[in-house]
Amino acid sequence: LSGALAVAAGAFGAHGLRDRVDPEQLSAWSTACQYHLLHSVVLLALALYAAGDERTIRLPASLFLLGTLLFSGSIYLLVLTPMRWLGPITPIGGLLLIAGWVSLLSLAHSGSR
């Protein structure tokens with residue numbers, strides 16, 4: 001679902017926003033779509049990993065999901081609405097995405113035992 005939404009957002013940005021927002025906003029939208037799609041693939045990889053292993057993926061998956069929602073979601077809303085108070089939400093989402101990547105170390109570490 002996340003991947004489908006990312007592709008739809010990318011298509012909407014390329015075709016529906018191109019003539020309606022300035023180039024800076026379109027660039028921000030593109031960045032949000034790229035991060036959204038990349039982390040959708042990571043979530044898929046984690047789900048496939050969990051299907052073949054008894055270790056839990058709850059922490060990294062939760063961090064990636066919430067990070068994507070806050071990072072990409074806030075950018076989508078900043079481009080589409082006048083809600084400027086969302087600006088400080090974007091870096092929180094970015095920090096959650098970084099934390100998701102770091103949390104993958106626990107999976108790697110627990111697999112080496």
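The chain holds 4 helices and 0 strands, and along the sequence they follow the pattern α-α-α-α. Please keep in mind that this is a predicted model. Below you will find the overall build of the chain, then a closer look at His39.

**Overall build**
- Along the principal axes, the C-alpha atoms of the chain fill a box of roughly 55 × 25 × 15 Å.
- Of the 113 residues in the chain, 35% are buried.
- If you take the contacts between residues at least 6 apart in sequence, 64% of them join residues at least 24 apart.

**Surface and charge**
- About 7,000 Å² of the chain is exposed, and carbon and sulfur atoms supply 71% of that area.
- The chain carries 6 positive and 5 negative side chains; the centres of these two sets are 6 Å apart.

**A closer look at His39**
- You will find His39 in helix H2, which covers residues 23-51.
- His39 has a relative accessible area of 2%, so it counts as buried, the cut-off being under 20%.
- A polar atom of the His39 side chain lies 2.8 Å from the backbone oxygen of Tyr35.
- The side chain of His39 also makes a polar contact of 3.0 Å with the side chain of Trp101.
- Leaving aside residues up to four places away in sequence, His39 touches Phe64, Thr68, Leu97 and Trp101.
- Trp101 therefore appears twice in this picture: in the list of residues that His39 touches, and as its side-chain partner in the 3.0 Å polar contact.

Key:
Residues numbered from 1 in each chain as written. Predicted model: local features only at pLDDT ≥ 70, side-chain atom pairs only at ≥ 80, totals over all residues. Heavy atoms only, no water. Helix = DSSP H or I, 4+ residues; strand = E, 2+ residues; numbered from the N terminus. Buried < 20%, exposed > 50% of the residue type's maximum accessible area, 1.4 Å probe, protein only. Contact = heavy atoms within 4.5 Å. Areas by Shrake-Rupley, 256 points an atom, 1.4 Å probe, with all protein chains shown as cover. Lys, Arg positive; Asp, Glu negative; His and termini not counted. Charge placed at Lys NZ, Arg CZ, Asp CG, Glu CD. Polar contact = N/O pair within 3.5 Å; in protein donor to acceptor, adjacent residues only side chain to side chain.
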